[in-house]
Amino acid sequence: MRLRRKYCYNNRVMNLAHRMEQHLPRQLLELIKYISEQAARNEQRVYLVGGIVRDLLLEDPSLRSGPLDSGLRFDIDLTVEGDAVRLAQQVADTGKAKLLAHHRFGTAKLRYENLALDMATARKETYARPGALPAVTPGTLKNDLIRRDFSINAMAISLSSNDYGELVDPYQGKSDLERHLIRVLHPESFSDDATRILRAVRYEQRLGFELETQTARLLKRNTAMLDTISGDRIRHELELVFREEQPELAIRRLAKLGVLQRISPCLKGDGWITERFDRARRLKKPTQLPSLYFCLLIYAFGEGELEQFLGRLNMPAKLSHAMRDTLRLKNTLWLLDTASLKPSEIYHLLHEYAPLATEANAIASASSPAQRHLQLFLTKLRYVKASLNGEELKRLGISPGPEMGEILQRLHRAKLDGEVRTKADEERLALSLSLEL
Ligand code: ATP
């Protein structure tokens with residue numbers, strides 16, 4: 001009762017139990033109920049927190065799917081007043097879910113089929129210096145909500161039996177949702193953690209909201225604080241932007257606010273990006289898009305600028321390689337402008353580049369012949385193989401060595417150009433080449 005009175009605002013308590021029944025899968029509700037019963041036995045309180053609460057209030061139909069490639073349908077967060085790891089362990093011990101991982105600092109992950117639940121002990125955070133990771137101690141739900149990024153993400157739903165489904169909204173998140181506002185909870189929010197600058201714009205653009213006036217002022221004043229954020233964290237936030245349905249909206253807004261330029265002075269968010277991102281979406285599956293967007297984002301860079309960007313974001317080796325290849329290929333793209341290239345010539349020009357770089361260039365290039373050649377390579381030529389291999393050439397009496405290498409290459413070229421079709425065609429060509437070489 002005491003808690004209930006404490007978190008009630010405007011003398012109105014909203015109950016979301018019905019919406020939870022409507023929008024969450026039965027298995028998830030059952031698991032949540034089981035967790036809350038176990039918590040009650042431990043004299044703990046459990047709450048749904050974070051994006052799930054916001055999305056339930058918005059009745060968002062695309063509610064809570066997990067990361068693109070995770071296969072998760074629901075990925076949600078619970079906060080426990082008390083020891084979350086112990087609670088998660090107890091639930092796992094009964095076989096109701098699997099404990100995937102747990103950490104010393106009071107967080108655990110439960111998984112059941114395509115549901116994942118992150119459970120965390122309610123915590124209090126203090127920042128020793130801007131951009132540093134916060135010092136964490138156990139706290140109350142209210143402590144846990146005030147450390148969050150924006151009011152619309154700082155609400156909770158009680159899962160305790162005496163007030164199951166009640167909204168806990170000490171920082172007026174619901175009112176901001178209704179007014180379509182993104183608002184930070186205190187003036188130091190962006191300087192404590194400048195990744196919130198990127199997050200603010202991501203939510204603003206996803207939801208079609210606006211930055212609240214004071215929040216917008218604070219955001220602009222704190223863009224330099226992005227320099228305090230590690231490359232991994234900035235990259236992670238950009239990846240989250242790239243998982244949005246239309247990331248170009250956030251990219252353009254970030255450019256307008258001067259945020260992108262703070263990450264790299266050469267980054268641009270303009271009409272070109274909008275058009276190319278849109279084209280990328282029409283061609284590629286959602287899981288393939290984030291890496292492709294990165295390659296398109298740096299398309300106008302010079303080599304030196306790219307190296308600075310890769311270093312700033314601590315970009316992983318594989319994607320760095322594809323991004324470097326994107327620029328290398330862009331610089332030789334004029335060779336693909338000729339309309340009359342043979343398939344083997346196209347293959348020769350493109351086969352050494354990372355496929356992602358070829359895809360980025362197929363989307364970015366303004367020349368129709370080049371685009372056509374890049375597409376032909378991506379959809380067909382890169383898969384073409386000659387039927388004969390070294391072993392089969394040996395059986396035809398051709399001995400291993402540089403000559404055989406040359407014959408294999410010529411067979412591949414002939415296959416690409418449609419000069420041989422069947423295995424018998426290839427055998428004839430191989431034998432005549434062996435006499436010629
Ligand atoms: P979505 O997945 O739809 O973007 P989400 O709210 O679930 O939304 P997560 O990134 O999973 O997003 O974060 C879960 C919650 O953790 C957020 O709702 C927010 O309350 C909090 N949070 C995440 N990042 C930060 C941050 N940098 N500072 C403060 N709170 C954060």
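Is D425 buried, partly exposed or exposed, and what is its relative accessible area? In this structure, which is a predicted model, D425 turns out to be partly exposed, with a relative accessible area of 21%. Its partner in a salt bridge is R428, with 2.9 Å from N to O, and R428 is exposed, at a relative accessible area of 54%. Both belong to helix 23, which covers residues 423-436, and because they are three residues apart there, about one helical turn separates them.

Let me turn next to helix 17, residues 317-332, where D325 and R328 are likewise three residues apart and so separated by about one helical turn. These two form a salt bridge whose closest N and O atoms are 2.9 Å apart; D325 is buried, with a relative accessible area of 2%, whereas R328 is partly exposed, with a value of 42%.

My third pair is E248 and R281, whose side chains meet in a salt bridge of 2.5 Å, N to O. This pair links distant parts of the chain, since E248 sits in helix 12 (residues 247-256) and R281 in helix 14 (residues 271-283), 33 residues apart. Here E248 is buried, with a relative accessible area of 3%, while R281 is partly exposed, at 22%.

As for the wider picture, a search of the whole structure finds 37 salt bridges, and the three pairs I have described are among them. In general, side chains of opposite charge can pair when their charged atoms come close.

Notes: Residues are numbered from 1 along each chain as its sequence is written. This is a predicted model: local features need pLDDT of at least 70, side-chain atom pairs count only at pLDDT 80 or more; totals for chains, interfaces and linings use all residues. Side-chain values use heavy atoms; hydrogens and water are left out. A salt bridge is a side-chain nitrogen of Lys or Arg within 4 Å of a carboxyl oxygen of Asp or Glu. Helices (H or I, at least four residues) and strands (E, at least two) are DSSP runs, numbered from the N terminus. Buried means under 20% relative accessible area, exposed over 50%, partly exposed in between (1.4 Å probe, protein chains only).
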